[in-house]
Amino acid sequence: MTSTPSQKLTAWGTVIYTLEGAIQDFFNAFGGSSVTKSDCDAKAAALVGEPLIPVPIQGHFSYTVVAGPNQAQIVQFRAAQSKLDIDILNLAMAVHPDFLPKCTYHGHIGDETSPLHVYVMDKREGLCHFKTRDSSVEGASAFAARQSQTVRDLARFFAGAWKQPQQVAPATAEKMQQDIENDLKRLAENLPDRFQAMVKQVRAGLPNVFALLPFVLNNGELSESSILVDKDDGRITGIVDWADAEMSPFGLSLGGLEALLGHSRKQKFYFDDNAEQLRCEFRRVFEAEVGGTALSDEVKHAIRVARMAGMLLTWCFEYDHDMVRQKTIVL
């Protein structure tokens, strides 16, 4: 029997995404010898019913299908490295009821050496944001209107987190601050000169980030692929991928906003012409939601520092399979 083709490369070494290749890559990496796609499909059918349709964009650490007679639910199989913390997920649903689908845990399949954890979620309509982008001249105006709606909804999402601060033990906060400082020191030692002013500014402002900003539940994977939007009006219909969510200072996941303000082409990122206008709209809605008069200039600066810190930690490190920051990336 011919095997399913894995991801393909262009002559320039760029990966061509294929659904079949992504699924095969997942099972090659995480299925071990005990779990196959057929095993997962059988489990999904038993839990929810058929038909089963793989989602078009698969995650690196998961295999996901839309399932059931009405295609109203999603069954997801996640590698052990990306197991969801149900307590965190329940908190996320409580903090962001308009943005998260209901999710239940159904144990794991496979042996203990390479288990795949099983989750059933209510399906949220919408597409990954990057699939709704229209860069054509004819569609530019309509896309800009949708983009503005998405940014306003994202501001409300962040405001929801701000208004529901979480309690963190002082020792935990102190250790997190020290860990981030250590990582910033690594960046200072390894990044090119053009990044040093930013790293220096973040290191200087880090104490105020921990002193002035509330600890909130931050989504560690906020990006164009984890934000689902209505393709017609740009409303955010759901925010997914909470495997790396954690209690940390507000603003560390604000870099997710930047992904909505531009596009990648030939391994470079280009901001849209209206990017700064959209940032202003985000700030306007966020401050209105949380009560802008309560945000002093010092607090606003701490938020900007937290945003920069999050971007540096997310984009300037390579991560291992356990999502631990390893060596820095030379940009």
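**Exercise 1. Sort the residues that line the largest cavity into nonpolar, polar and charged.**

Step 1. Keep in mind that you're looking at a predicted model. Start by listing who lines the largest cavity: His-96, Phe-157, Phe-158, Ala-161, Leu-217, Asn-218, Asn-219, Trp-242 and Ser-253.

Step 2. Now sort them. Phe, Ala, Leu and Trp count as nonpolar, and the lining comes out at 5 nonpolar residues.

Step 3. The rest of the sorting gives 4 polar residues and no charged ones.

Step 4. Which elements give two or more residues to this lining? They are α4 (140-162) and β9 (215-218). Helix or strand aside, α4 gives the most, with 3 residues.

Step 5. For the volume, write down about 40 Å³.

**Exercise 2. Do the same job for the second largest cavity, and say how many cavities there are.**

Step 1. Count first: there are 2 cavities of 30 Å³ or more.

Step 2. The second largest holds about 30 Å³ of space.

Step 3. Its lining is made by His-129, Thr-132, Arg-146, Gln-147, Thr-150, Val-229, Asp-230, Lys-231 and Gly-234.

Step 4. Sort these by class and you get 1 nonpolar, 5 polar and 3 charged residues. Asp, Lys and Arg count as charged, and Gly goes with the polar group.

Step 5. Who gives the largest share here? That's α4, with 3 residues.

**Exercise 3. Take His-96 from the first lining and work out whether it is buried or exposed.**

Step 1. Find its place: His-96 sits in the loop between α3 (86-95) and β6 (103-109).

Step 2. Check the accessibility. The cut-off for buried is under 20% relative accessible area, and His-96 has 2%, so it counts as buried.

Step 3. Look at its company. Leaving aside neighbours within four places in sequence, His-96 is in contact with Phe-157, Gly-160, Ala-161 and Trp-242. Phe-157, Ala-161 and Trp-242 should ring a bell, since they are listed in the lining of the largest cavity along with His-96.

**Exercise 4. Describe the surroundings of Val-209.**

Step 1. Val-209 belongs to helix α6 (residues 196-212).

Step 2. Its relative accessible area is 1%, so Val-209 is buried.

Step 3. Skip the neighbours within four places in sequence, and the contacts left for Val-209 are Pro-249, Ala-302, Val-305 and Ala-306.

Step 4. How far apart are Val-209 and Arg-304 in sequence and in space? They are 95 residues apart along the chain, while their C-alpha atoms are 9.2 Å apart.

**Exercise 5. Step back and describe the whole chain.**

Step 1. Count the elements: 9 helices and 16 strands.

Step 2. Get the dimensions. The C-alpha trace spans about 60 × 50 × 45 Å along its principal axes.

Step 3. Why does the radius of gyration agree with a compact globule? Because a compact globule of 331 residues would come out near 20 Å, and this chain has 21 Å.

Step 4. Add the burial figure: 46% of the 331 residues are buried.

Step 5. Check the contacts between residues at least 6 apart in sequence: 64% of them join residues at least 24 apart.

**Exercise 6. Find the annotated domain and describe its span.**

Step 1. An unreviewed UniProt entry lists residues 145-250 as "domain: Aminoglycoside phosphotransferase".

Step 2. Within residues 145-250, helix makes up 53% and strand 14%.

Step 3. Finish with the two ends: the C-alpha atoms there lie 28 Å apart.

Conventions
Residues numbered from 1 in each chain as written. Predicted model: local features only at pLDDT ≥ 70, side-chain atom pairs only at ≥ 80, totals over all residues. Heavy atoms only, no water. 1 Å grid on protein atoms, 1.4 Å probe; cavity = no way out; pocket = protein on both sides within 12 Å on 5 of 7 lines; lining within 4 Å. Points joined across faces, edges and corners; volume = space filled by probe spheres on them. Helix = DSSP H or I, 4+ residues; strand = E, 2+ residues; numbered from the N terminus. UniProt positions renumbered as here; feature names shortened; annotations may be inferred. Rg over C-alpha atoms; globule rule 2.2 N^0.38 Å. Buried < 20%, exposed > 50% of the residue type's maximum accessible area, 1.4 Å probe, protein only. Contact = heavy atoms within 4.5 Å.
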